[in-house]
Amino acid sequence: MPNCTYCNKVFNDRQALGNHIRTHLDDSDEDLDLSLPNKLSSNTTTYISTETNVTYKKVHVEQKTNDSRREETTFINDEIINNNENINIYFPIESQSEEDDNAEVNLSDDESMTESSDEDSVISNLSYETNVDINEYNEYDALYSGVLNGPEDIYQEFPSKEYAEFMHIITKFHVQDSLANAFIKFFNKYSNRKDKPLSSTSQVGRTFIENLQVLNLDWRREIIFRYKGIEYEFEYRTVLDGIHQILMNKDIIKDFIFESVKDTPNERQYTDMYDSDWWRDVEKNLPIGVYVMPIILYADATLCDHLGKTSRHPVFMILGNIPLACRNKVDAKILLGYIPNLEYCSTSKKKSAQHCSASRELFHHALATILRPLRVLSYTGIHLYVNKSFKWFYPFLALIISDWPEACAMGAIYGSSNSSHPCHFCLVDRNTLNNIHIKKEDIIIRNEHDTKNVLRQGNSKQISTYYIRNALWKWPYFNVYTMCVPDRMHHANLGLFQYQLRFTVELLNLKYGSSSIKILEERLSQIPRYPNLKIFKSGFERLNRLTASEYHDLMKVMLFILDDLILDKNLNKNLCDLFSLWIDMYIWSRKQGYTKSDLYEFENSIIVWSDLFIKLMSKFSPSNLNLPKLHSWRFHLIPSIYQFGTVSGFTSETYELLHKTNVKQPYCMTNKHQINKQMQAIVRRQNIMTLIQKLQSRSYNTNIHHEKISKKFIKQLTQHTIDQVIDQLKNTQNLNNLWINGFEKLKSCIYDYFQDIEEWSIQDIENETIKINVCEFAYLDNNVIIRATPNYYGQASFSDVCIEMDESEQGDYLTDNGLCYVKVLLIIQVISAKLKESLELVLVYWYDFAYENVTNIQDHYFYKCAILKHVDHYTLIPLTSITNRVHIIPKFDTSNIFYVNKYIEYY
């Protein structure tokens, strides 16, 4: 039977031992006693409340499992003598290092010409307070180990299903009270119902939802910090609350992962987190029958309004047990709270050493408060009800997703790229960040133990680290300096690609003046339409104002825009090579799984791109491309994949969508008084109604069936009236030539189709009346829409599509890996009494490879994209023979040459 070696008590099971151990645990970080240097000790003070006696003792726990395996855990904690009191501990104030250009909200790796930010250490007279209620630990099992309330239980609380659905609508679409109340009056007046199922007003409905007793969705409130007479109240939910809200979502947890993937004879794959080295390493050290529960946090500050005057710092969580496909859904992520901002009266006060120090203290207090239950449960585990059965889990803090400034804040690293060691992963010198060929054995990875040793010696400046009690220290299987992984959206889209694009513009402007930039922007505006691809009609505008999605769209087309842009052929080729290498590398980062050989190729693609990037662009960078994100992408991305799985598993792209629904929209709905309280009430209502929506959605058929072609016909004719329609079209001004061309070829194509396919004679065709209905659009089997219309939102839209040739036919044609390309000119429905059923056909204009008599097959391609031309060949083909829609871009300043944008399909 397990026993506690601290007090020698023996328990029947581990759960009882866990309950007991909680009385020995405290949330603070006493092992950073950091015997402060003499020069600091006279300026620091430690206060311990006399409400209870606290002594420090090393606790050693030995736990045995059924298979005689032994688990031993040693940790530093407080011995609580009186279990009935709260403990108020005032910790000492540590030395802080201030950066001369660094304020709390300006932590950035942006290019800067300022001097080094490693200033002399300063001493603050600030103290902070941490409240720990030891009885809280004894409540975990009682509160969280039962069967969870599901959406059915919440739904039954509503007076009627109409009431619930109405509240869901006004909550989801953020309907204003005046509009919602007007609808209620309208409904009550004309529905002819005596029971009046809706709430009397929308305010009453909101109050009803707020009063629903849903334990796991409630917000806790606690004063966590005092500074200059101001108490900072934190409204939050713990990670344990977040776990239980996730477990209530049955759609998300239906494929819940309990164990890592076992070894197979095939080459190992690194796909999801359960394939990762971290999961396997943790799992090996747990008793039989215990499961790993990785906790993933996401933190990133965001603006609340367009003016940029108000910001919030939300913290979200998700479980690594949820498969990646579900984990990237919005409702799989849980808001835990908004980290409070420190108040300030002036800009100079905000940048002061004392204010920056207090901001960091407040930040880590908030994190410690959110993570408090894990201080116990990471050592004792907890029983949780998952998929209709109880399982014993060990929840571990595993991963933090954030941008560079937040990652530095998590590790208390100097946030400026001008500090001596700006990388939060390692201790590389700032002047070698652009050296992509450093030997890996020469890179010193940061770790908690060595960091504390340096801080104890008062040498925080040497490692560019603030002297602070870090809330992310002392976690099992967690190193805060390496667990803040490189985020693709911030590192690639908003970081390195932004630099690449900005420096390209500067290079062109330097060599060819503004005229080359105007040509580049003009080409951007002429890119053909494609679904979900933004066309930059006004050019770049301001590059630093573009969103990650807009940079994403630019990646897809920049290679074709740069083609033959300038007279210097060598420079033009280098620029095209650079953007092609970027695309290849970026495509690697979006793969859903890797073998070790894949990761080797991925790393090589990073090196090749980095070499050319540095060669071409270093002179345009004030820091000579000593960028922390460049160094991190080169040296720390691949190890993170080994540790935690594919890059898509730790990217913030889907989290950014939550800023809109959990920060920006709730902020706009407040009256700007007690903002956080109102925002969190709105988020709670959204969470409740989302759960109810899932219950309601089960009764609806979610399989949307589309007719193959539009039933709205824009032209109706027969084979005998085609010539009349052509005459009418030619008399119409400003009509697209492709549209007219389609009708001119229609008659001959109708005759060819019925002779070759339906095996009619010419006399049969002449004698039969063939009705032809012309449509604007049609659906392919994969629900992709293709169009053929002269006016789609004011512009002509004729889709380019691909056809997959049969293997027996591929020898007769030169194809692009079995694909042929055509442009859709007409989409028609053909009806005849002689036909058993109507035909859905597409009149197409064919492409072929542009160059003839080519000996090298690579000459048919421009950076893996087929080079095409139109040929004078028109046919009618069945709609079902079309494989997919494609994006074909004309070669600028050259007639009848086109590129197939293969890169569009990888995004």
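Four exercises on a predicted model follow, each with a worked solution.

Residues count from 1 along each chain as its sequence is written, and side-chain values use heavy atoms, without hydrogens or water. Local features need pLDDT of at least 70, side-chain atom pairs count only at pLDDT 80 or more, and totals for chains, interfaces and linings use all residues.

**Exercise 1. Helix pairs**

Task: Classify how H6 packs on H8, and how H19 packs on H20.

Solution:
- Start with the terms. Helices (H or I, at least four residues) and strands (E, at least two) are DSSP runs numbered from the N terminus. Axes are lines fitted to C-alpha atoms, for helices over the stretch in contact; angles between N-to-C directions run from 0 to 180 degrees.
- Take H6 (residues 161–172) and H8 (residues 202–210). Their axes come within 11 Å and cross at roughly 100 degrees.
- Apply the classes: under 35 degrees is roughly parallel, over 145 roughly antiparallel, 65 to 115 roughly perpendicular, the rest oblique. H6 and H8 are therefore roughly perpendicular.
- List the contacts (heavy atoms within 4.5 Å). H6 supplies Tyr-163, Met-167 and Ile-170; H8 supplies Ser-202, Val-204, Gly-205, Arg-206, Phe-208 and Ile-209.
- Turn to H19 (residues 488–512) and H20 (residues 514–525). The angle is about 135 degrees, with the axes 6 Å apart. This pair is therefore oblique.
- Val-505, Leu-508, Asn-509 and Tyr-512 of H19 meet Ser-514, Ser-515, Ser-516, Ile-517 and Leu-520 of H20.

**Exercise 2. A sheet and its edges**

Task: Find which strands stand at the edges of the sheet E21-E22-E23.

Solution:
- Strands pair if DSSP finds at least two bridges between them.
- Read the order. 3 strands, E21-E22-E23, form an open sheet with antiparallel pairing.
- E21 (777–779) and E23 (795–798) each have a single partner strand, so one side of each lacks a neighbour in the sheet. These two are the edges.
- Neighbouring strands are turned by 20 degrees against each other on average, direction ignored.
- Check one pairing. E21 and E22 (residues 785–792) are joined antiparallel over 3 bridges. Phe-777 stands opposite Arg-787 in E22.

**Exercise 3. Loops with positive phi**

Task: Locate His-174 and Asn-532, and give phi for each.

Solution:
- His-174 sits in the loop between H6 and H7. Its phi is near 50 degrees, positive in a residue other than glycine.
- Asn-532 sits in the loop between H20 and H21 (548–562). Its phi is near 65 degrees, again positive in a non-glycine residue.

**Exercise 4. Salt bridges**

Task: Count the salt bridges, then place Lys-284 and Asp-281.

Solution:
- Use the rule: a side-chain nitrogen of Lys or Arg within 4 Å of a carboxyl oxygen of Asp or Glu. The count is 32 salt bridges.
- The side chains of Lys-284 and Asp-281 meet at 3.7 Å, N to O.
- Both lie in H11 (residues 277–284), 3 residues apart, which means a separation of about one helical turn.
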